[in-house]
Amino acid sequence: SFTTLRPGTYTVTETQPAAYLDGKDTAGSTGGTVTNDVISAIVLKSGDASINNNFGELKPASLSGFVYEDAGNDGVKGVGEAGIAGVTVKLTGTDDLGNPVSLTTTTGADGSYSFTTLRPGTYTVTETQPAGYLDGKDTAGSTGGTVTNDVISAIVLKEGDTSVNNNFGELPGAKLSGYVYEDVGNDGVRNSEPAIANVTVKLTGTDDLGNAVSLTTTTNGAGYYEFANLRPGTYSVAETQPAA
């Protein structure tokens with residue numbers, strides 16, 4: 001308050017308080033012109049009591065989560081499930097003032113990421129699929145949202161919200177391998193026995209997403225074959241009987 005004022009035309013200016021974002025300001029009972037952190041052209045007559053010349057401020061919101069190896073393949077970051085470092089995560093959206101937002105960060109050593117000092121608004125967080133991993137289950141955080149592949153959208157943040165566990169689960173690829181060999185001992189145990197090269201081996205099955213899988217390879221000079229980068233699933237491997 002300012003008291004013992006003479007009649008006149010006045011301006012009141014606020015110094016933006018630390019740790020707050022700029023909110024909506026309002027002219028008081030005798031009117032005035034409102035701009036950012038300023039109420040000007042306040043005309044006071046003799047005896048006027050101009051009240052409620054107010055400056056609204058906002059606590060910042062934040063949005064955070066993890067990119068991690070989802071060993072359980074259940075979309076839940078469990079104890080002991082490792083984070084994935086160095087993954088690019090982007091935040092886009094529109095704040096309460098209608099301004100477009102576009103921010104980018106990378107995950108830390110523990111797979112965590114965060115965006116702080118956010119205004120209220122509606123946001124989307126997008127993960128760049130990390131190399132060497134298969135796409136896992138993603139999960140909207142504590143303030144909700146819509147989940148699609150590597151994207152959590154329609155995240156509505158209010159003043160002061162802390163949106164946590166907007167998480168992106170990833171899967172290390174599985175591998176299935178073996179040998180075709182001459183079983184000299186006829187005991188089903190591969191010792192130092194001759195390899196059989198160029199044998200066709202086929203993998204079929206259904207992965208965790210319900211997709212049919214059908215892959216074919218041939219054994220190398222050591223009789224070895226391998227199917228790598230497989231999703232979780234149930235599989236069968238079949239050999240084409242080698243000639244001779």
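The points below comment on the cores, charged pairs, buried polar residues and aromatic rings of a predicted model.

1. Main nonpolar core. The largest nonpolar core holds 17 residues, and the members touching the most other members are L63, L91, Y113, F115, L118 and V125. Five strands each contribute at least two residues to this core: β6 (61-69), β7 (88-95), β9 (112-118), β10 (121-127) and β13 (151-157). A further core of 8 residues lies apart from it, with V199, L203, Y225 and L230 among its members.

2. Surroundings of V125. Beyond four places in sequence, V125 touches L63, V89, K90, L91, Y113, F115, D150, V151, I152, I155 and F168. Among these partners are the charged residues K90 and D150; the latter is taken up again in point 7.

3. Aromatic rings. The count of aromatic pairs comes to 4. In the pair formed by Y113 and F115, the ring centres are 6.0 Å apart and the planes stand at 65 degrees, so the arrangement is edge-to-face. Y113 is buried, at 4% relative accessible area, and F115 is likewise buried, with a value of 4%. Ring pairs also bring in F168, which forms a cluster with Y113 and F115. Y113 and F115 are thus named both in this cluster and among the core residues that touch the most other members, while F168 and V125 are in contact.

4. Salt bridge D96-R119. The model contains 5 salt bridges. In one of them, D96 pairs with R119, and the closest N and O atoms are 2.8 Å apart. D96 belongs to the loop between β7 and β8 (100-106), and R119 to the loop between β9 and β10, so this pair ties together parts 23 residues apart in sequence. The two partners are not equally accessible: D96 is partly exposed, with a relative accessible area of 33%, whereas R119 is buried, at 14%.

5. Salt bridge D161-K158. The side chains of D161 and K158 also meet in a salt bridge, with an N to O distance of 3.6 Å. Here the acidic partner, D161, is buried at 16% relative accessible area, and K158 counts as exposed at 54%.

6. Salt bridge E226-K175. E226 forms a salt bridge with K175, with 3.8 Å between the closest N and O atoms. E226 sits in strand β19 (residues 224-230) and K175 in strand β16 (residues 174-179), so the pair ties together parts that are 51 residues apart in sequence. E226 is partly exposed at 33% relative accessibility, and K175 is exposed at 57%.

7. D150. This residue is placed in the loop between β12 (146-148) and β13. D150 counts as buried, its relative accessibility being 8%. Its contacts, apart from neighbours within four places in sequence, are V125, T126, E127, Q129, D135, D138, F168 and E170. Several acidic side chains appear in that list, including E127, D135, D138 and E170. The C-alpha atoms of D150 and G233 are 21 Å apart, and the two residues are separated by 83 residues in sequence.

8. E193. How is the charged side chain of E193 accommodated, given that E193 is buried yet has no salt bridge? R190 carries the nearest side chain of opposite charge, at 6.7 Å, and a salt bridge would require the nitrogen and the carboxyl oxygen to be within 4 Å. The side chain of E193 instead reaches backbone nitrogens: that of V184 at 3.0 Å and that of G185, also at 3.0 Å. E193 itself is in the loop between β16 and β17 (200-207). Leaving aside neighbours within four places in sequence, E193 is in contact with Y181, E182, D183, V184 and G185.

9. N166. This asparagine lies in the loop between β14 (162-163) and β15 (167-172). N166 is buried, with a relative accessible area of 0%. Not counting residues up to four places away in sequence, N166 touches L63, S64, G65, F66, Y113, T139, A140, G141, I152 and I155. L63 and Y113 in that list are also named among the core members that touch the most others.

Conventions:
Residues numbered from 1 in each chain as written. Predicted model: local features only at pLDDT ≥ 70, side-chain atom pairs only at ≥ 80, totals over all residues. Heavy atoms only, no water. Core = buried A, V, L, I, M, F, W, Y, C linked by side-chain atoms within 4.5 Å. Buried < 20%, exposed > 50% of the residue type's maximum accessible area, 1.4 Å probe, protein only. Helix = DSSP H or I, 4+ residues; strand = E, 2+ residues; numbered from the N terminus. Contact = heavy atoms within 4.5 Å. Lys, Arg positive; Asp, Glu negative; His and termini not counted. Polar contact = N/O pair within 3.5 Å; in protein donor to acceptor, adjacent residues only side chain to side chain. Phe/Tyr/Trp six-rings, centres within 6.5 Å; stacked < 30°, edge-to-face > 60°.
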